[in-house]
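Morning, everyone. I have one model to show and two topics to go through. Please look at the screen.

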Amino acid sequence: MAATTTRPLLLLLLLLLLSFHAASAAAEEFPRDGRVIELDESSFEAALGAIDYLFVDFYAPWCGHCKRLAPELDEAAPVLAGLSEPIIVAKVNADKYRKLGSKYGVDGFPTLMLFIHGVPIEYTGSRKADSLVRNLNKFVAPDVSILESDSAIKSFVENAGTSFPMFIGFGVNELLIAGYGGKYKKRAWFAVAKDFSEDFMVTYDFDKVPALVSLHPKYKEQSVFYGPFEGSFLEDFIRQSLLPLTVPINTETLKMLDDDDRKVVLAIMEDDSDETSSQLVKVLRSAANANRDLVFGYVGIKQWDEFVETFDISKSSQLPKLIVWDRNEEYEVVEGSEKLEEGDQASQISQFLEGYRAGRTTKKKVSGPSFMGFLNSLVSLNSLYILIFVFALLGVMIYFTGQDDTPQVRRAHEE
């Protein structure tokens with residue numbers, strides 16, 4: 001009787017050992033030394049089971065963008081493999097293994113996906129090697145890091161880098177910000193400091209707890225939120241602090257503005273990098289800190305004249321000038337406060353804001369498409385050129401095919 005009972009247990013143990021051996025063998029099958037590995041339909045599922053964080057480039061051999069991406073992946077792969085949570089980079093020829101590409105919704109090349117424990121997340125960020133490392137490291141980090149000492153806080157800030165804003169709660173219940181850590185995971189770092197010295201209260205300029213400190217290392221900005229931590233107050237602070245107090249307007253920050261519903265107080269300058277403009281930006285920062293319901297941005301006509309000209313401003317216009325822009329098709333000019341004169345610009349900005357809030361404005365339409373449309377047109381224009389080229393190429397192929405009675409096999413790829 002005892003032997004009969006023991007056999008099923010031995011069989012179960014044997015199956016577990018075999019499963020463990022198979023999993024170990026699968027894990028050893030894929031290199032972890034920073035090389036970009038090539039996967040196909042027979043090895044893809046095994047890789048998903050063996051690798052916790054797998055970054056996959058679904059490519060086509062004929063795709064020009066894919067060819068330009070390849071050296072960036074080669075450069076990023078060893079760095080990603082060396083992270084505390086290693087990310088292995090792989091490639092799949094989705095033009096050859098179309099069933100595999102179709103399974104994951106690949107409809108263009110290259111398509112980049114990060115598989116976290118087998119669950120895919122499409123990656124649409126920058127494809128430069130350094131940006132890939134920064135962004136993917138953010139994807140695999142915990143939603144909220146728990147910091148138990150001064151050294152842990154210092155390491156967290158250093159490792160987070162300067163690409164994303166940071167929110168560190170000092171004496172804050174981690175449950176209060178855990179949900180926001182997940183919600184805004186792709187846009188910011190979140191941490192809770194459990195134990196810290198007074199030195200950090202001096203460094204981050206807060207004098208009581210609980211306090212949530214917002215840091216923007218790239219723009220050398222920081223601010224403090226003391227509460228209330230109930231209702232929408234906490235999320236409003238986090239959402240408004242995802243952007244710096246003063247936003248330099250460019251193609252990258254325009255995309256960030258698309259996720260913000262506030263209007264933009266826009267300062268238009270001749271050159272946003274000269275000393276005079278730098279002083280104006282400092283004044284704007286003070287105004288922004290007191291008017292969190294608005295975004296404050298600045299742009300130089302020298303840096304981006306195509307953008308500035310859509311506000312009916314040219315190089316001959318008197319600058320600097322302030323407007324309020326709805327981030328789309330309309331903007332408002334405050335009567336009597338269109339241009340900033342030399343002198344006390346802080347008072348002039350205050351008068352501008354007072355006039356705007358009192359409704360003493362004239363609404364105008366941007367010339368040309370909406371600005372989100374303007375951004376999209378940068379992509380659409382390239383697509384139009386490609387489409388024209390494809391039609392021209394097809395026309396040439398059809399012409400020469402008509403000159404030859406020999407049947408021709410033709411295949412058109414869409415990049």
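Start with helix α6, residues 150-160, where Ile153, Phe156 and Ala160 are buried. This is a predicted model, so keep that in mind throughout. Viewed down the axis of α6, the buried residues fall within an arc of 60°, so they line one face of the helix. Some background helps here. An α-helix has 3.6 residues a turn, so residues three or four places apart point the same way.

What covers the buried residues of α6? The cover includes three strands, β6 (145-147), β7 (166-170) and β8 (189-193), and also the helix α8 (198-203). On the other side of α6, Ser151, Lys154, Glu158 and Asn159 are exposed. Just after α6 comes Gly161, with a positive phi of about 75°.

Now the second topic, a pair of helices. Two packed helices are described by the angle between their axes and the distance between the axes. Here the pair is α11, residues 275-290, and α13, residues 345-357. Their packing angle is about 45°, and the axes lie 10 Å apart. An angle that is neither under 35 degrees, over 145, nor from 65 to 115 counts as oblique, and α11 and α13 are therefore oblique to each other. The crossing of α11 past α13 is right-handed.

Which residues meet in this pair? From α11 there are Leu280, Val283, Leu284 and Ala287, and from α13 there are Gln345, Ala346, Ile349 and Leu353. By type, the residues of this contact are seven nonpolar, one polar and no charged.

That is what I have. Questions, please.

Key: Residues numbered from 1 in each chain as written. Predicted model: local features only at pLDDT ≥ 70, side-chain atom pairs only at ≥ 80, totals over all residues. Heavy atoms only, no water. Axes fitted to C-alpha atoms, helices over the stretch in contact; angles between N-to-C directions. Helix = DSSP H or I, 4+ residues; strand = E, 2+ residues; numbered from the N terminus. Left-handed = near helix turned anticlockwise from the far one by under 90°. Contact = heavy atoms within 4.5 Å. Nonpolar A, V, L, I, M, F, W, Y, C, P; charged D, E, K, R; others polar. Buried < 20%, exposed > 50% of the residue type's maximum accessible area, 1.4 Å probe, protein only. Arc of directions from axis to C-beta.
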